[in-house]
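Biologist: I should like a close look at the buried interior of this model, with its aromatic packing and the spaces beside it. Please set it out as one connected account.

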Amino acid sequence: MNKITLKIPATSANCGPGFDCLGVALNLYNEVTYEITDNDKLELEIEGEGAGYMQPGSYNLAFSSFFRVWNKVANGRHIGLKLKQVNRIPMSRGLGSSSSAIVGGVLAASILGEANLTKEELLRYANSLEGHPDNVAPAIYGNFTISFFESLGPKCFVLQPAKPIKFIACVPELKLSTELARKAIPFKINHKDAVVNASRTALLVAALTSGKYEYLPTAMQDKLHQPYRAHLIPGLREAFYGARNKGAYSAIISGAGSTIMAYASPDQDVEAIGAAMQNALKLKGVESQYYIYDMDTQGARIMW
Ligand code: HSE
């Protein structure tokens, strides 16, 4: 086999209190075809996000992630590589576009290099490129994931919520680099704040598995990262309020932002929740679009 097309879900990390450990996969997908060629070149065609400025090469995660695995599994076989991407996941908005590129690369190399790596092995490679596992884990496994480290590296527990949840993503025009958003968080945090997050994260997992979603408004509170990042997203607090006011369980910063993600019951008026967040940002001069998603349950997969 010298060609494969994959589909990789968008993800939303942290889920409020679960900084760098919780994440959820969404039914929004990038598609990518990896083709091994014998012309020794790296080639890239893009439709959608990144078209016109993303270039092939070692700085491009879709290539570097592929070769990270390929160089381990293919016995030094020298190849050319042609990629065709259909990119639907917005970039630099906290929806896992980098993770999608990384997971696509490691999975394609595993299949084309006939290594058939396990999901746990894919997670180890992907985490080594991303630096934290909370986006790559749901991109690989689907569903909600709880990532953690053991001596051999990152692992994850896959969690299926007891009842459906609608995810309303308010995506600002404003791009936010993960590096900048991580620098906004203090190196040391207050012990009491750590206790708040430990209790909220435990409660969130219990609420999701038991279906007692009445606990979600409390369970999704956070004191580790959102208070320090709020100034990077004008209108954030007002958008949180607007989403709650229209019936969402809660709204949080998706990953490192800038997307604001509301969680709601399918019975709620999800359009009104999206519009409330959009209006809150607009009042602060930030344009945005909102989208309604469901959870993806399969993770990255082969299309053909
Ligand atoms: N947990 C990460 C963060 C997600 O909040 O910085 C970003 O990829």
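Modeller: Phe144 and Tyr263 are both buried. The model is a predicted one, and the account below should be read in that light. Phe144 also belongs to the lining of the largest cavity, together with Leu22, Gly23, Thr145, Ile146, Leu159, Val205 and Leu208. That cavity has a volume of about 40 Å³, and the structure holds one cavity of 30 Å³ or more. At least two lining residues come from each of E2, strand E5 (144–150) and helix H6 (191–210). Strand E5 gives the largest share of this lining, three residues. By character, the lining of the largest cavity comprises six nonpolar and two polar residues, with no charged ones.

The surroundings of these residues are best approached through the nonpolar cores. In soluble globular proteins, nonpolar side chains tend to be buried together. The largest nonpolar core here has 38 residues, and the members that touch the most others are Leu6, Tyr34, Phe66, Trp70, Leu81, Leu83 and Val103. Two or more of its residues are given by each of strands E1 (3–13), E2 (22–37), E3 (42–48) and E4 (80–87), and likewise by each of helices H1 (61–73), H2 (97–112), H3 (119–130) and H4 (136–141). Helix H2 provides the largest share of this core, with nine residues. Leaving aside residues up to four places away in sequence, Phe66 touches Tyr34, Ile79, Leu81, Gly105, Val106, Ala108, Ala109 and Leu112. Apart from this core there is a second, separate one of 27 residues, whose members include Val24, Leu26, Phe144 and Leu159. Phe144 and Leu159 thus appear both in the second core and in the lining of the largest cavity.

The aromatic rings carry this picture further. A pair of aromatic rings is described by the distance of the centres and the angle of the planes. Over the whole structure, eight aromatic pairs are found. One of them is the stacked pair of Phe66 and Trp70, with 5.5 Å between the ring centres and 20° between the planes. The two residues are four positions apart in helix H1, so about one helical turn separates them. Phe66 counts as buried because its relative accessibility is 0%, and Trp70 counts as buried because its relative accessible area is 2%. The pair of Phe144 and Tyr263, by contrast in geometry, is tilted, at 6.4 Å centre to centre with 50° between the planes. Because Phe144 lies in strand E5 and Tyr263 in strand E9, this pair ties together parts that are 119 residues apart in sequence. Returning to the first pair, Phe66 and Trp70 join Tyr34 and Phe67 in one aromatic cluster.

The open spaces complete the account. The largest pocket has a volume of about 710 Å³. It is lined by 41 residues, of which Leu61, Ser92, Ser97, Ser98 and Ser99 are the closest to its centre. Elements that supply at least two lining residues each are E1, E2, H1, E4, H2 and helix H5 (178–183). Helix H2, which gives the largest share of the largest core, also gives the largest share of this lining, six residues. In the lining of the largest pocket, 14 residues are nonpolar, 19 polar and eight charged.

The second largest pocket has a volume of about 200 Å³. Gln221, Asp222, Gln226, Phe240 and Ala251 lie nearest its centre, among 14 lining residues. Helix H8 (226–229), helix H9 (236–245) and E8 each contribute at least two residues to that lining, and H9 gives the most, with four. The lining of the second largest pocket divides into eight nonpolar, three polar and three charged residues.

Two backbone features deserve a final note. Cys15, in the loop between E1 and E2, has a positive phi of about 55° although it is not a glycine. Cys15 counts as buried because its relative accessibility is 0%. Ser258 is placed in the loop between strand E8 (250–253) and strand E9 (260–264), and the peptide bond from Gly257 to Ser258 is cis, with omega near 15°.

Terms used: Residues are numbered from 1 along each chain as its sequence is written. This is a predicted model: local features need pLDDT of at least 70, side-chain atom pairs count only at pLDDT 80 or more; totals for chains, interfaces and linings use all residues. Side-chain values use heavy atoms; hydrogens and water are left out. A nonpolar core is a set of buried Ala, Val, Leu, Ile, Met, Phe, Trp, Tyr and Cys residues joined through side-chain atoms within 4.5 Å. Buried means under 20% relative accessible area, exposed over 50%, partly exposed in between (1.4 Å probe, protein chains only). Contact means heavy atoms within 4.5 Å. On a 1 Å grid over the protein atoms alone, a cavity is a set of points where a 1.4 Å probe fits but cannot get out, and a pocket is an open set with protein on both sides within 12 Å along at least five of seven lines; lining residues have an atom within 4 Å of a point. Grid points are joined across faces, edges and corners, and a volume is the space filled by probe spheres set on the points. Ala, Val, Leu, Ile, Met, Phe, Trp, Tyr, Cys and Pro count as nonpolar, Asp, Glu, Lys and Arg as charged, and the others, Gly among them, as polar. Rings of Phe, Tyr and Trp (its six-membered ring) pair if their centres lie within 6.5 Å; planes under 30 degrees apart count as stacked, over 60 as edge-to-face and the rest as tilted.
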